[in-house]
Amino acid sequence: MYYCLKNRSLVDGLRELRDEDDYVRFLDAGFDDDDNQISIYIDDHHEPLLDWIEEEKAEEWDSGTETYEDDVDSVLSDDLSVDHEADDEDIQWPEVVDPFLSQKNLIPQRGIEEEAGGKVKKHPIHDPNQKWDTMMPELGMKFSDRDELKHMLTNYAVSKGYSLWYEKNKAKALLVRCSKNEKGKPSCPFRLWASPMNKENSFQIKSLIDKHNCARQQKLGCLVTYKWIGKMLIPDILERPKFSYRKMAEVVRKGYGLKVSLGQCRNAKYFALDEISGNLVSHYEKLWNYGAELLRVNPGSTVLIETNHMPDATHYFKRMYICMKSIKDGWIEGCRRVIGVDGCFLKGICRGELLTAVGRDANNQMYPLAWAVVPVENKETWMWFIDLLLEDIEMGDGRGLTIISDQHKVCYSLHFTYFIMCYYVL
């Protein structure tokens, strides 16, 4: 007794019913669609089943789609085998093939494996949020890119103390060994081969021998880079920005069992600070978009960004002034004619001065009015800031305005900018 899989020809879809496992697969195939129908064939002397297969073979041979052998028995023996049925989700081998002879440590040619009872087991996907000392390589494991795989291998080597090294480290091929002898040859049976997949934008472990006979190491060479140290110490650097290099080396020795140099710790700290604050160049590139978005959501605002033009046609940030339309209208209509101005240092990675102007509302509460970022606090930057502020709040020459700076109050009857100049001269 035979049955044929749906939407397949007899040559490709014919399966034999011989035992209970075949019967379970038969039921799964029958209830796969809503119609719950499947074709059944009984091999006897009155139904030329083999002749039908030969006719379909001849038709497909004429169409030129596929080729088959002339031997009928060989065709049937291949078709009736149900040890591993074909699956629709076929993932092809990558262009780079592992030159590895033993087939027991290779993933199967297809992207999924079929277990008994028709169950399908997919290959594992690496979780980057997993605890670092629990990461383990698995056969068929997928990664988003090669760097993610290398970071996982570093965590695995550090947690276990294995001296892994890259025999091949290319964009489309990664061959990892463990330990070296005096001749520079691998002295440990561990072996990992990974390459990108054709139909997916991912990196996959294609072959793996996860066996070691080496001792634990404290110096892992080039495997532990300053980038890995920086990523692992980001929480410590966040808590202690003045983390010294010697203390960093001590933390790495106690927490990870590794001996690292002070140069690695210095580069790791720079890398961690850059990861924390982000790329400053990319941040400043977004200032124009930030100013355009402020003007879009609040028309009538004042957003002024000035840059320094260099001889090589590049532009560097100089200073920026912001005063929102709704804020200055609120100050003109309902706040007292009193403004407090002050400046403070920006002590982050990007240095400079933050100038602010704050008013008082009808409830005697602070009312932020305008602010600016300048490279240095001097007479020129204060004049630039105050002139823009007076123009926004419509105070003209400053008559009737009271300003408080460094807790000193002055009532203006003269030109406001003249007072600022005299104040800095004194």
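## A salt-bridge network

Glu250, Arg253 and Lys254 are tied together in a network of salt bridges. A salt bridge here is a side-chain nitrogen of Lys or Arg within 4 Å of a carboxyl oxygen of Asp or Glu. This is a predicted model, where local features need pLDDT of at least 70 and side-chain atom pairs count only at pLDDT 80 or more, while totals for chains, interfaces and linings use all residues. Residues are numbered from 1 along each chain as its sequence is written, and side-chain values use heavy atoms, leaving out hydrogens and water.

One link in that network joins Lys254 to Glu250, with the closest N and O atoms 3.7 Å apart. Both residues sit in helix α8 (residues 245–256), four residues apart, or about one turn of the helix. Helices (H or I, at least four residues) and strands (E, at least two) are DSSP runs, numbered from the N terminus. Lys254 is exposed, at 63% relative accessible area, while Glu250 comes out as partly exposed at 32%. For these words, buried means under 20% relative accessible area, exposed means over 50%, and partly exposed is in between (1.4 Å probe, protein chains only).

## The whole chain

Let's step back for a moment. The chain has 426 residues, and 36% of them are buried. Its secondary structure adds up to 14 helices and 17 strands. About 26,100 Å² of the chain is exposed, with carbon and sulfur atoms supplying 51% of that area; accessible areas come from the Shrake-Rupley method with a 1.4 Å probe, and for residues only the protein chains shown count as cover.

Now for contacts, meaning heavy atoms within 4.5 Å. Take those between residues at least 6 apart in sequence: 51% of them join residues at least 24 apart. As for salt bridges, a search of the whole structure turns up eight.

## A pair in helix α11

Another of the salt bridges brings together the side chains of Glu293 and Arg296, at 2.5 Å from N to O. These two share helix α11 (residues 287–297) and sit three residues apart, again about one turn of the helix. Glu293 is partly exposed, with a relative accessible area of 38%, and Arg296 is exposed, at 56%.

## Arg319 and its partners

Next up is Arg319, which belongs to strand β12 (residues 315–323). Its side chain meets that of Glu306 in a salt bridge (2.7 Å, N to O). This pair links distant parts of the chain, since Glu306 is in strand β11 (residues 302–309), 13 residues from Arg319 in strand β12. Arg319 counts as buried because its relative accessibility is 6%, while Glu306 is partly exposed at 21%.

The side chain of Arg319 also makes a polar contact with the side chain of Glu380, at 3.0 Å. A polar contact is a pair of N or O atoms within 3.5 Å; within protein, one must be able to donate a hydrogen and the other to accept it, and residues adjacent in sequence count only if both atoms are side-chain atoms. Not counting residues up to four places away in sequence, Arg319 touches several others, including Leu304, Val373, Pro375, Thr381 and Trp384.

## Over to Thr381

Thr381 is found in helix α13 (residues 379–393). With a relative accessibility of 3%, Thr381 counts as buried. Setting aside neighbours within four places in sequence, Thr381 is in contact with Arg319, Leu355, Val374 and Val376. Val374 also turns up among the residues that Arg319 touches.
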